[in-house]
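Trainee: I am new to reading protein structures and would like to go through one slowly. Please show it to me and start with a term I will need.

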Amino acid sequence: MTDADLLILGAGPAGLAAAQYGSRANLKVLVIEQMSPGGQALMIDKLENYPGDLNPRSGFDFAEDMRRQAENFGAEIIGDGVISLEKEGDLFKAVLDSGRTLRAYAVILATGATHRSLGIPGEAEFAGRGVSYCASCDGPFFKGKKIMVVGGGDAACDEARYLSLLTDQVILVHRRDSFRAQKGVAQRVLENPHIEVRFNTRPVEIRGDKQVGSVLLEDAGKQYEEPVNAVFIFAGTVPQTSLVPDIAVDTAGYIITDQRMESSVPGLFAAGDVRSSPFRQVVVAAAEGAIAAHCAAEYIDSLKG
Ligand SMILES: Cc1cc2nc3c(=O)[nH]c(=O)nc-3n(C[C@H](O)[C@H](O)[C@H](O)COP(=O)(O)OP(=O)(O)OC[C@H]3O[C@@H](n4cnc5c(N)ncnc54)[C@H](O)[C@@H]3O)c2cc1C
């Protein structure tokens, strides 16, 4: 006895695109999301690189439209966390935080990724008190203040640019001698008069009293203290794969699939940031979600005979 044909775990861009395609393929689709639908896209200030979208919207508005589109085609989104997933014979069984159990023929894991911590003293202590991992969420609290951004990828550069709209005192520190971000994104940061870039520099400790007051930095073995009011950390992401400990992953822990998005477990598909891929973006997550749903539908058809 099944509750759905297809369970989709996570309602970020990958899960929502999969939900739309799965429902349009006439599958009964249940999507389980532990937070608000949208995933990391909710943190995007302006999504300006989604193909065909000439008027950049906030990630929030974009995600809201994806959610409505998936629901319009019949997908049901359940607000709950998935705490375990196992395969019993041909069926998958997911147990939710609420204690509810759901069974389905196939599963798409679209649980995405979460921020990587630096693991330095003061980081956990000052989380929510000047240490943040989301500029659009917490940036407005530090309007006109001195802000440090840590990282050298797309997220760090994008978010430094967003913060530079709120203050003219942004310091971007990166441990390497050049950015990992896409060239255009990095160039805009280097040309921004409100952002001071310090390469070959890494934070060693975050200090303060009730709130962040300074960061101890290290440059070529020399340490010095930089007074700041907030630290925004974008040091990469960690895939959310704890539900599937026995699945094949790459050296960084991302799920390996074939080109149909099927993992090493038959009937278990993965899409988006949780999947081993050279590029993690909304358009990639959405495309992978579509492929996963299409191939899950074929898998379910073959199972039902
Ligand atoms: C600050 C920032 C800026 C970015 N800017 C851009 C940009 O400008 N352009 C761009 O294309 N991309 C950008 N990205 C990247 C983009 O947001 C991601 O590539 C995309 O959101 C990945 O989608 P996803 O669905 O794979 O995963 P996610 O968006 O991570 O969504 C995964 C969802 O799964 C849920 N979940 C996880 N575990 C469970 C569980 N056990 N039970 C239930 N639910 C669960 C999570 O709550 C989450 O909602 C940015 C990312 C960040 C952090």
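Mentor: Happy to! A residue is called buried if its relative accessible area is under 20%, exposed if over 50%, and partly exposed in between (1.4 Å probe, protein chains only). This is a predicted model, where local features need pLDDT of at least 70 and side-chain atom pairs count only at pLDDT 80 or more, while totals for chains, interfaces and linings use all residues. Residues are numbered from 1 along each chain as its sequence is written, and side-chain values use heavy atoms, with hydrogens and water left out.

Trainee: Then let me try the term out: is N26 buried or exposed?

Mentor: N26 lies in the loop between α1 and β2; such helices (H or I, at least four residues) and strands (E, at least two) are DSSP runs, numbered from the N terminus. Its phi is near 70 degrees, a positive value in a residue other than glycine. Its relative accessibility is 71%, so N26 counts as exposed.

Trainee: A220 has a positive phi too. Is A220 buried or exposed?

Mentor: A220 sits in the loop between β13 and β14 (222-227), and its phi is near 50 degrees. With a relative accessible area of 75%, A220 is therefore exposed.

Trainee: What about S23: is S23 buried or exposed?

Mentor: S23 belongs to helix α1 (residues 13-24). Not counting residues up to four places away in sequence, S23 touches V29, A70, F73, G74 and A75, where contact means heavy atoms within 4.5 Å. Its relative accessible area is 6%, so S23 is buried.

Trainee: Which side chain makes a polar contact with the side chain of S214?

Mentor: S214 is in strand β13 (residues 212-219) and counts as buried, at 7% relative accessibility. Its contacts beyond four places in sequence include I206, P227 and V228. A polar contact is a pair of N or O atoms within 3.5 Å (within protein, one must be able to donate a hydrogen and the other to accept it, and residues adjacent in sequence count only if both atoms are side-chain atoms). At 2.6 Å, the partner of the S214 side chain is that of E225.

Trainee: How far does helix α6 reach from its first C-alpha to its last?

Mentor: Helix α6 runs over residues 282-304 and has 23 residues; the expected span of a helix is 1.5 Å times one less than its number of residues. Just after α6, G305 takes a positive phi of about 75 degrees. The reach of α6 is close to the expected value, and both are given as 33 Å.

Trainee: Which element gives the largest share of the largest nonpolar core?

Mentor: A nonpolar core is a set of buried Ala, Val, Leu, Ile, Met, Phe, Trp, Tyr and Cys residues joined through side-chain atoms within 4.5 Å. The largest has 33 residues, of which L6, I8, V29, I108 and F269 touch the most other members. β1 (4-9), α1, β2 (29-33), α2 (59-72), β6 (101-109) and α6 each supply at least two of its residues. The largest share, 10 residues, comes from α6.

Trainee: And how many residues does the other core have?

Mentor: Look for L7, L9, L30 and L85, which are among its members. This other core lies apart from the largest one, and its residues number 22.

Trainee: How much of the ligand's accessible area does the protein cover?

Mentor: Of the 31 residues around the ligand (those with a heavy atom within 4 Å of it), A14, E33, Q40, D273 and V282 come nearest. A polar side-chain atom of E33 lies 2.6 Å from an oxygen atom of the ligand, and a polar backbone atom of Q34 is 3.2 Å from a ligand nitrogen atom. On its own the ligand has 1000 Å² of accessible area (Shrake-Rupley method, 1.4 Å probe; for residues, only the protein chains shown count as cover), and the share covered by the protein is 91%.

Trainee: Last one: how many of the 10 residues of α4 are buried?

Mentor: Helix α4 (154-163) supplies at least two residues of the shell around the ligand. Its buried residues, among them C157 and Y162, pack against elements including β9 (147-150) and α5 (183-190). Helix α4 is largely enclosed by the rest of the structure, because its count of buried residues is seven.
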